[in-house]
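Q: Please take a close look at one part of this model and describe in detail how it is placed and what surrounds it. I would like one connected account, with the cut-off behind each term stated where it is used.

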Amino acid sequence: MASNSKTLRSPLQIARGLGSAKHGTEHWWHQRLTAIALVPLTVWFVFGVIRHLGADHAAFIAWMKSPFSAVMMILTAVVIFHHAQSGLQVVIEDYVHAEWQKLALIVAVKFLSFALAAACVLAVVKIFIGA
């Protein structure tokens, strides 16, 4: 009788309790928004680096001491690492099937992304302050 009750369940009843369908959509939107944000940030970064080709260390430091350049560099670093972390998380969720491996990899990617973003922010702040 128990096996019969499973066959009488509707697709909606079977799907309930399997998680929210909105979770994947949230990742999709985060990826698109960070990708859009990276367009102007990358253009700014590339033009800034090209402008300083052949310049000495002091000229580059002077550029980074500008409040605008410092804020843009921090935004670039934070958005890049958030975008990378979000993309890697989706890949891990799609292709790693063992739950404990999936969890371990996602935690490792999140930690590494946060640590690298924090290191970039600290480097920019140190240059900006002059420490």
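A: In helix H6, the buried residues are Lys 102, Ile 106, Val 109, Ser 113, Ala 117 and Val 124, where buried means under 20% relative accessible area, exposed over 50% and partly exposed in between (1.4 Å probe, protein chains only). The model is a predicted one, in which local features need pLDDT of at least 70 and side-chain atom pairs count only at pLDDT 80 or more, while totals for chains, interfaces and linings use all residues. Residues are numbered from 1 along each chain as its sequence is written, and side-chain values rest on heavy atoms, with hydrogens and water left out.

The protein as a whole has six helices and zero strands, these being DSSP runs numbered from the N terminus (H or I of at least four residues for helices, E of at least two for strands). H6 itself has 31 residues, and the 44 Å from its first C-alpha to its last is close to the 45 Å expected at 1.5 Å a residue, the expected span being 1.5 Å times one less than the number of residues. Just after H6, Gly 130 adopts a positive phi of about 95°.

The partners of the buried residues of H6 are H4 and H5, against which they pack; contact here means heavy atoms within 4.5 Å. With H5 (residues 67-95), H6 (residues 99-129) forms an angle of about 175°, and the two axes lie 9 Å apart; axes are lines fitted to C-alpha atoms, for helices over the stretch in contact, and angles run from 0 to 180 degrees between N-to-C directions. H5 and H6 are therefore roughly antiparallel to each other, a term for angles over 145 degrees (under 35 is roughly parallel, 65 to 115 roughly perpendicular, the rest oblique). The contact of H5 with H6 is made by 19 nonpolar, three polar and three charged residues.

H5 also agrees with its expected length, because its 29 residues should span 42 Å at 1.5 Å a residue and its end C-alpha atoms are 42 Å apart. Among the buried residues of H5 are Ser 69, Ala 70, Met 73, Val 79, Gln 85 and Ile 92.

Towards H4, the residue to follow is Met 64, which lies in that helix and is buried, with a relative accessible area of 2%. Although Met 64 and Val 124 are 60 residues apart along the chain, their C-alpha atoms are separated by 7.4 Å. Apart from neighbours within four places in sequence, Met 64 is in contact with Ser 69, Ala 70, Met 73, Val 124, Ile 127 and Phe 128.

Val 124 and Met 64 both belong to the largest nonpolar core, whose 10 residues also include Leu 38, Trp 44, Trp 63, Ala 70, Met 73 and Val 79; such a core is a set of buried Ala, Val, Leu, Ile, Met, Phe, Trp, Tyr and Cys residues joined through side-chain atoms within 4.5 Å. Helices H3 (22-51), H4 (57-64) and H5 each give two or more residues to this core, and the largest share, four residues, comes from H5. One of the core residues, Val 79, is in contact with Thr 34, Ala 37, Leu 38 and Leu 41 once neighbours within four places in sequence are set aside.

Further along H5 sits His 83, which is partly exposed, with a relative accessible area of 22%. The C-alpha atom of His 83 lies 7.6 Å from that of His 30, with their positions 53 residues apart along the chain. Not counting residues up to four places away in sequence, His 83 touches Gln 31, Thr 34, Ala 35 and Leu 38.

Note on methods: Nonpolar A, V, L, I, M, F, W, Y, C, P; charged D, E, K, R; others polar.
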